[in-house]
Amino acid sequence: MRASCVGFVLFAALVGAACGQEKKAATITITVPENSYKETLVTVDGVDVKGTGKTRVFTTPALEAGKEYKFKVSALVEPNNYTKITRPREVTVKAGDALKLDLTTEDKKLDKIVVRWVPTPEDIVDEMSKLAKITKDDIIFDPGCGDAVMLIRPVKALGAKKGIGIEIDPKYVKIAKEKAKDEGVADKIDIREGDILNEKDMAVCAEASVVLIYIGDDLGARMAPVLQKLLKPGTRVVSHRFKLGDWKPDKTVTVKGADGSDYILHYWEVKAKK
Ligand SMILES: C[S@@+](CC[C@H](N)C(=O)[O-])C[C@H]1O[C@@H](n2cnc3c(N)ncnc32)[C@H](O)[C@@H]1O
């Protein structure tokens with residue numbers, strides 16, 4: 001290159017820098033939970049960020065100096081084979097930034113938890129009913145009722161007064177209603193499509209004298225304050241396997257299922273409000 005040409009390139013670079021036009025990438029280092037049953041999937045603006053383990057590094061395209069850029073980062077965490085937690089965040093970076101983003105902790109407002117249907121065997125529903133001492137005077141509530149086995153069994157076998165279920169998946173709302181009809185107890189089973197994290201949908205639980213639950217640790221912890229607020233003192237609560245956030249069970253028992261497996265059941269009685 002001739003001297004005059006080199007001079008021109010240098011001049012152009014200097015002018016570019018002086019005008020703030022020098023482009024530079026930024027990096028976003030994302031930390032994700034390690035206790036995942038599956039490798040956590042991280043995306044930025046919908047595109048997968050490759051990598052495994054607890055950190056992922058995303059490098060942005062070259063960004064113009066002095067400008068702010070927003071990126072949508074999302075982690076899909078699967079702590080077990082029935083729970084999917086989506087953790088979306090928006091971050092703002094400038095050219096040359098090295099941002100750290102911690103996605104190991106929950107944001108109750110932003111994170112979405114989805115628990116899939118896994119049924120409780122009928123004999124275990126009977127054990128839960130025994131633990132709750134269900135009688136014909138009881139109204140049973142199941143948040144996340146699936147096919148309504150936890151409502152239909154106590155109504156049919158023990159003559160419980162009524163069963164109320166909330167279910168987010170319309171497919172299971174339909175299945176539960178059909179099953180209640182097939183079992184001849186449709187008049188005593190009230191299935192509602194709704195979200196157990198929505199206080200309005202949950203208001204109906206104030207009617208219950210017994211709550212039977214099988215919902216997973218993550219969703220259970222989120223739902224616990226709603227239950228605490230809405231349930232009447234004296235309501236008996238039995239959960240198949242999972243705890244309810246920081247609630248300390250009054251009793252925990254292990255029962256043998258007809259399938260030969262051990263099932264853990266937790267029992268609480270809702271205390272009078274302070
Ligand atoms: C583990 S299954 C238990 C079903 C039933 N209670 C049983 O023990 O057989 C959990 C159910 O909760 C439903 N579910 C998950 N998230 C929910 C939410 N936010 N609101 C209402 N139902 C939900 C699922 O669709 C699924 O049917």
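Select Ala221 to begin: in this predicted model, Ala221 has a relative accessibility of 33%, and because partly exposed covers the range between under 20% and over 50%, this residue counts as partly exposed. Keep Ala221 selected and colour the helix around it, which is H6, running over residues 217–230.

Next, add Gly245 to the selection, and draw a line from its C-alpha atom to that of Ala221: the two residues stand 24 positions apart in sequence, yet the distance between these atoms in space is 3.8 Å. If you then show the side chains and leave aside residues up to four places away in sequence, you will find that Ala221 touches Leu244 as well as Gly245.

Now zoom out and select the whole chain, in which a cartoon view will let you trace 6 helices and 17 strands. The chain is more spread out than a compact globule, because its radius of gyration is 27 Å, well over the 19 Å that the globule rule gives for 274 residues. Turn the model along its principal axes, and you can picture the C-alpha atoms filling a box of roughly 100 × 40 × 40 Å.

With the whole chain still selected, look at contacts with a separation of 6 or more, of which 67% are between residues 24 or more positions apart.

Finally, switch on the surface, which has an accessible area of about 15,200 Å², with 54% of it belonging to carbon and sulfur atoms, while 41% of the 274 residues count as buried. Colouring by charge brings out 46 positive and 41 negative charges, whose mean positions are 3 Å apart.

Definitions and conventions. Residues are numbered from 1 along each chain as its sequence is written. This is a predicted model: local features need pLDDT of at least 70, side-chain atom pairs count only at pLDDT 80 or more; totals for chains, interfaces and linings use all residues. Side-chain values use heavy atoms; hydrogens and water are left out. Helices (H or I, at least four residues) and strands (E, at least two) are DSSP runs, numbered from the N terminus. The radius of gyration is taken over C-alpha atoms; the globule rule is 2.2 Å times the number of residues to the power 0.38. Buried means under 20% relative accessible area, exposed over 50%, partly exposed in between (1.4 Å probe, protein chains only). Contact means heavy atoms within 4.5 Å. Accessible areas come from the Shrake-Rupley method with a 1.4 Å probe; for residues, only the protein chains shown count as cover. Lys and Arg count as positive and Asp and Glu as negative; His and the chain ends are not counted. The place of a charge is taken as NZ of Lys, CZ of Arg, CG of Asp or CD of Glu.
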